[in-house]
Amino acid sequence: SDVVAGRCAPADAIYPCVTMPGVSLMPAPASGEDLVPERVMLRLVPLLKRYFDRVILDSPAGVGRGFRAAAAADCALIVCNSDPVCIRDASIVRRLLTELEVPQQRLVINRFNAEYFGSLSAGREDAGGLRDLDDVIDQSGVRLIGIVPEDRQMTAAFQRGCVPADDLPGMTALSRIAARMNGVSVPLSL
(Lines give C-alpha, C1' and ligand atoms only; values in the text may rest on other atoms or scores of the structure.)
Protein backbone atom coordinates (compact mmCIF):
# COMPACT_ATOMS: atom_id res chain seq x y z
CA SER A 1 0.00 0.00 0.00
CA ASP A 2 2.99 2.33 0.53
CA VAL A 3 3.94 1.90 -3.12
CA VAL A 4 0.36 2.53 -4.29
CA ALA A 5 0.06 5.62 -2.10
CA GLY A 6 3.38 6.96 -3.38
CA ARG A 7 5.04 6.83 0.05
CA CYS A 8 7.92 4.75 -1.28
CA ALA A 9 9.40 3.46 -4.51
CA PRO A 10 8.72 -0.19 -5.48
CA ALA A 11 12.40 -1.05 -4.93
CA ASP A 12 12.11 0.11 -1.31
CA ALA A 13 9.15 -2.19 -0.65
CA ILE A 14 10.82 -5.39 -1.90
CA TYR A 15 12.48 -7.65 0.63
CA PRO A 16 14.64 -10.76 0.13
CA CYS A 17 13.02 -13.95 1.37
CA VAL A 18 15.30 -15.35 4.07
CA THR A 19 14.13 -18.95 3.63
CA MET A 20 14.31 -19.02 -0.18
CA PRO A 21 17.49 -17.51 -1.67
CA GLY A 22 16.84 -15.74 -4.96
CA VAL A 23 13.21 -14.98 -4.06
CA SER A 24 12.06 -11.47 -3.19
CA LEU A 25 8.72 -10.37 -1.77
CA MET A 26 6.62 -7.23 -1.91
CA PRO A 27 4.02 -7.41 0.85
CA ALA A 28 0.41 -6.91 -0.11
CA PRO A 29 -1.69 -4.20 1.53
CA ALA A 30 -2.72 -5.23 5.04
CA SER A 31 -6.36 -4.29 4.68
CA GLY A 32 -9.06 -4.67 2.08
CA GLU A 33 -9.48 -0.92 1.86
CA ASP A 34 -5.98 -0.68 0.41
CA LEU A 35 -6.55 -3.00 -2.54
CA VAL A 36 -4.30 -2.17 -5.44
CA PRO A 37 -6.31 -0.74 -8.35
CA GLU A 38 -6.09 -2.42 -11.74
CA ARG A 39 -4.56 0.70 -13.32
CA VAL A 40 -1.69 0.61 -10.78
CA MET A 41 -1.02 -3.09 -11.35
CA LEU A 42 -0.93 -2.49 -15.12
CA ARG A 43 1.96 -0.06 -14.51
CA LEU A 44 3.67 -1.83 -11.58
CA VAL A 45 3.98 -5.35 -13.00
CA PRO A 46 5.81 -4.35 -16.23
CA LEU A 47 8.18 -2.25 -14.11
CA LEU A 48 8.94 -5.19 -11.81
CA LYS A 49 9.37 -7.56 -14.78
CA ARG A 50 12.41 -5.52 -15.85
CA TYR A 51 14.24 -6.64 -12.71
CA PHE A 52 12.87 -10.11 -11.94
CA ASP A 53 12.56 -13.37 -13.89
CA ARG A 54 9.01 -13.88 -12.61
CA VAL A 55 6.49 -11.60 -10.97
CA ILE A 56 3.93 -13.68 -9.13
CA LEU A 57 0.70 -12.11 -7.92
CA ASP A 58 -0.98 -14.15 -5.23
CA SER A 59 -4.65 -13.51 -4.72
CA PRO A 60 -7.26 -14.90 -2.38
CA ALA A 61 -9.76 -17.47 -3.58
CA GLY A 62 -12.69 -16.15 -5.51
CA VAL A 63 -13.24 -13.10 -7.64
CA GLY A 64 -13.66 -10.31 -5.12
CA ARG A 65 -12.74 -6.66 -5.51
CA GLY A 66 -9.02 -7.28 -5.97
CA PHE A 67 -9.43 -9.81 -8.76
CA ARG A 68 -9.15 -7.25 -11.56
CA ALA A 69 -5.48 -6.76 -10.65
CA ALA A 70 -4.99 -9.99 -12.63
CA ALA A 71 -5.31 -7.85 -15.77
CA ALA A 72 -1.57 -7.17 -15.40
CA ALA A 73 -0.71 -10.88 -15.70
CA ASP A 74 0.52 -12.67 -18.78
CA CYS A 75 -0.02 -16.10 -17.21
CA ALA A 76 -2.35 -17.32 -14.48
CA LEU A 77 -2.25 -20.44 -12.36
CA ILE A 78 -5.78 -21.30 -11.31
CA VAL A 79 -5.48 -23.38 -8.15
CA CYS A 80 -8.44 -25.49 -7.10
CA ASN A 81 -9.30 -28.58 -5.13
CA SER A 82 -10.89 -31.51 -6.94
CA ASP A 83 -14.41 -31.05 -5.59
CA PRO A 84 -17.35 -29.87 -7.71
CA VAL A 85 -17.71 -26.45 -6.05
CA CYS A 86 -14.03 -25.56 -6.52
CA ILE A 87 -14.08 -26.80 -10.11
CA ARG A 88 -17.10 -24.62 -10.87
CA ASP A 89 -15.26 -21.64 -9.36
CA ALA A 90 -12.17 -22.45 -11.45
CA SER A 91 -14.34 -22.34 -14.57
CA ILE A 92 -15.69 -18.91 -13.55
CA VAL A 93 -12.16 -17.64 -12.89
CA ARG A 94 -11.05 -18.96 -16.30
CA ARG A 95 -13.87 -17.05 -18.00
CA LEU A 96 -13.08 -13.83 -16.13
CA LEU A 97 -9.34 -14.13 -16.85
CA THR A 98 -10.20 -14.57 -20.52
CA GLU A 99 -12.28 -11.38 -20.36
CA LEU A 100 -9.26 -9.62 -18.78
CA GLU A 101 -7.20 -10.92 -21.74
CA VAL A 102 -4.80 -12.98 -19.63
CA PRO A 103 -3.36 -15.12 -22.43
CA GLN A 104 -2.06 -18.19 -20.60
CA GLN A 105 -4.08 -20.02 -17.97
CA ARG A 106 -3.10 -23.27 -16.33
CA LEU A 107 -4.80 -25.44 -13.74
CA VAL A 108 -3.19 -26.68 -10.53
CA ILE A 109 -5.23 -29.31 -8.72
CA ASN A 110 -4.30 -28.75 -5.09
CA ARG A 111 -4.56 -30.98 -2.03
CA PHE A 112 -5.42 -33.96 -4.20
CA ASN A 113 -6.33 -37.08 -2.26
CA ALA A 114 -6.86 -40.03 -4.60
CA GLU A 115 -8.75 -42.06 -1.98
CA TYR A 116 -11.17 -39.22 -1.22
CA PHE A 117 -11.60 -38.37 -4.90
CA GLY A 118 -12.33 -42.03 -5.66
CA SER A 119 -14.95 -42.22 -2.93
CA LEU A 120 -16.49 -38.93 -4.11
CA SER A 121 -16.87 -40.08 -7.67
CA ALA A 122 -17.26 -43.86 -7.44
CA GLY A 123 -20.58 -44.68 -9.08
CA ARG A 124 -22.33 -41.62 -7.69
CA GLU A 125 -24.36 -39.31 -9.86
CA ASP A 126 -24.37 -36.67 -7.10
CA ALA A 127 -20.58 -36.28 -7.30
CA GLY A 128 -20.97 -33.40 -9.69
CA GLY A 129 -20.41 -35.64 -12.69
CA LEU A 130 -16.74 -36.31 -11.78
CA ARG A 131 -15.57 -39.70 -12.93
CA ASP A 132 -11.85 -39.00 -13.11
CA LEU A 133 -9.26 -36.22 -13.30
CA ASP A 134 -10.09 -35.66 -16.97
CA ASP A 135 -13.55 -34.55 -15.83
CA VAL A 136 -11.94 -32.03 -13.45
CA ILE A 137 -9.90 -30.62 -16.34
CA ASP A 138 -12.84 -30.63 -18.76
CA GLN A 139 -15.26 -28.98 -16.34
CA SER A 140 -12.79 -26.26 -15.37
CA GLY A 141 -11.90 -25.64 -19.01
CA VAL A 142 -8.26 -25.04 -18.10
CA ARG A 143 -5.17 -26.91 -19.27
CA LEU A 144 -3.54 -28.86 -16.42
CA ILE A 145 -0.01 -27.94 -15.35
CA GLY A 146 0.20 -30.03 -12.19
CA ILE A 147 -1.35 -31.94 -9.34
CA VAL A 148 -0.25 -31.28 -5.76
CA PRO A 149 -1.13 -34.15 -3.43
CA GLU A 150 -2.51 -33.65 0.06
CA ASP A 151 0.69 -33.43 2.11
CA ARG A 152 0.21 -32.73 5.80
CA GLN A 153 3.95 -32.52 6.49
CA MET A 154 4.38 -29.83 3.85
CA THR A 155 1.36 -27.91 5.14
CA ALA A 156 2.62 -28.09 8.72
CA ALA A 157 6.08 -26.84 7.70
CA PHE A 158 4.61 -23.87 5.80
CA GLN A 159 2.35 -23.03 8.74
CA ARG A 160 5.41 -22.96 11.03
CA GLY A 161 7.20 -20.65 8.57
CA CYS A 162 9.69 -23.34 7.63
CA VAL A 163 10.80 -24.65 4.25
CA PRO A 164 9.52 -28.22 3.83
CA ALA A 165 11.91 -31.01 2.88
CA ASP A 166 12.44 -31.25 -0.88
CA ASP A 167 11.59 -34.96 -0.92
CA LEU A 168 8.04 -34.53 0.39
CA PRO A 169 5.40 -35.45 -2.21
CA GLY A 170 3.89 -31.95 -2.20
CA MET A 171 7.27 -30.26 -2.66
CA THR A 172 8.16 -32.64 -5.48
CA ALA A 173 4.88 -31.70 -7.20
CA LEU A 174 5.55 -27.98 -6.74
CA SER A 175 9.07 -28.39 -8.17
CA ARG A 176 7.65 -30.18 -11.20
CA ILE A 177 5.11 -27.36 -11.75
CA ALA A 178 7.90 -24.78 -11.51
CA ALA A 179 9.93 -26.72 -14.08
CA ARG A 180 6.95 -26.83 -16.47
CA MET A 181 6.45 -23.08 -16.03
CA ASN A 182 10.07 -22.65 -17.13
CA GLY A 183 9.56 -24.71 -20.27
CA VAL A 184 11.04 -28.00 -19.05
CA SER A 185 9.18 -31.08 -20.26
CA VAL A 186 8.27 -33.01 -17.11
CA PRO A 187 5.70 -35.81 -17.21
CA LEU A 188 2.60 -35.43 -15.05
CA SER A 189 2.38 -37.86 -12.18
CA LEU A 190 0.41 -38.37 -8.98
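# Notes on a predicted model

1. Let me start with one residue: Glu-150 is partly exposed, its relative accessible area being 29%. Please keep in mind while reading that the model is predicted. Glu-150 comes back below as one end of a salt bridge, with Arg-111 at the other end.

2. First, the overall layout. The protein has six helices and five strands. Starting at the N terminus, the order of elements is β-β-α-β-α-β-α-α-β-α-α. The chain thus opens with two strands and closes with two helices, as that order shows.

3. Next, the dimensions. For 190 residues, a compact globule would have a radius of gyration near 16 Å, and the 18 Å of the protein agrees with this. Along the principal axes, the C-alpha atoms take up a box of roughly 60 × 40 × 30 Å. For one separation inside that box, take Glu-101 and Asp-166: they are 65 residues apart along the chain, and 35 Å lies between their C-alpha atoms.

4. How much of the chain is buried? Of the 190 residues, 34% count as buried. The exposed area of the protein is about 12300 Å², and carbon and sulfur atoms contribute 53% of that area.

5. Contacts between sequence-distant residues deserve a comment. If you take the contacts between residues at least 6 apart in sequence, 61% of them join residues at least 24 apart.

6. Gly-146 gives a local view of such contacts. This glycine sits in strand 5, and Gly-146 is buried because its relative accessible area is 0%, which is under the 20% cut-off. Beyond its neighbours within four places in sequence, Gly-146 touches Leu-107, Val-108, Ile-109, Ile-177, Arg-180 and Leu-188. For Ile-177, one of these partners, the C-alpha to C-alpha separation from Gly-146 is 5.6 Å, although the two are 31 residues apart in sequence.

7. On charges, the protein carries 20 positive and 23 negative ones, and the mean positions of the two sets are 4 Å apart. The count of salt bridges comes to three. The next three points take them in turn.

8. Lys-49 and Asp-74 make a salt bridge whose closest N and O atoms are 2.6 Å apart. Lys-49 belongs to helix 1 (residues 38–49) and Asp-74 to the loop between helix 1 and strand 3 (75–80), so this pair ties together parts 25 residues apart in sequence. Both ends are partly exposed: the relative accessible area is 41% for Lys-49 and 41% for Asp-74.

9. Which element holds both Glu-99 and Arg-95? Both lie in helix 2 (residues 84–99), with four residues, about one turn of the helix, between their positions. The closest N and O atoms of this salt bridge are 3.3 Å apart. Glu-99 counts as exposed at 53% relative accessibility, while Arg-95 counts as partly exposed at 41%.

10. The remaining salt bridge joins Arg-111 and Glu-150, with 3.3 Å between the closest N and O atoms. This pair links distant parts of the chain, 39 residues apart: Arg-111 is in strand 4 (residues 104–112), and Glu-150 is in the loop between strand 5 (143–149) and helix 5 (152–159). Arg-111 is partly exposed at 47% relative accessibility, and Glu-150 is partly exposed at 29%.

11. You may also want to look at backbone angles. Most residues other than glycine have a negative phi. Arg-111 is not a glycine, yet its phi is positive, at about 55°. Besides this angle, Arg-111 has its place in strand 4 and its salt bridge with Glu-150.

12. Where does Glu-101 lie? Its place is the loop between helix 2 and strand 4. Glu-101 likewise has a positive phi, of about 65°, without being a glycine. Its relative accessible area is 67%, so Glu-101 is exposed. Glu-101 is also one end of the 35 Å C-alpha separation from Asp-166 given in an earlier point.

Key:
Residues are numbered from 1 along each chain as its sequence is written. This is a predicted model: local features need pLDDT of at least 70, side-chain atom pairs count only at pLDDT 80 or more; totals for chains, interfaces and linings use all residues. Side-chain values use heavy atoms; hydrogens and water are left out. The radius of gyration is taken over C-alpha atoms; the globule rule is 2.2 Å times the number of residues to the power 0.38. Buried means under 20% relative accessible area, exposed over 50%, partly exposed in between (1.4 Å probe, protein chains only). Contact means heavy atoms within 4.5 Å. Accessible areas come from the Shrake-Rupley method with a 1.4 Å probe; for residues, only the protein chains shown count as cover. Lys and Arg count as positive and Asp and Glu as negative; His and the chain ends are not counted. The place of a charge is taken as NZ of Lys, CZ of Arg, CG of Asp or CD of Glu. A salt bridge is a side-chain nitrogen of Lys or Arg within 4 Å of a carboxyl oxygen of Asp or Glu.
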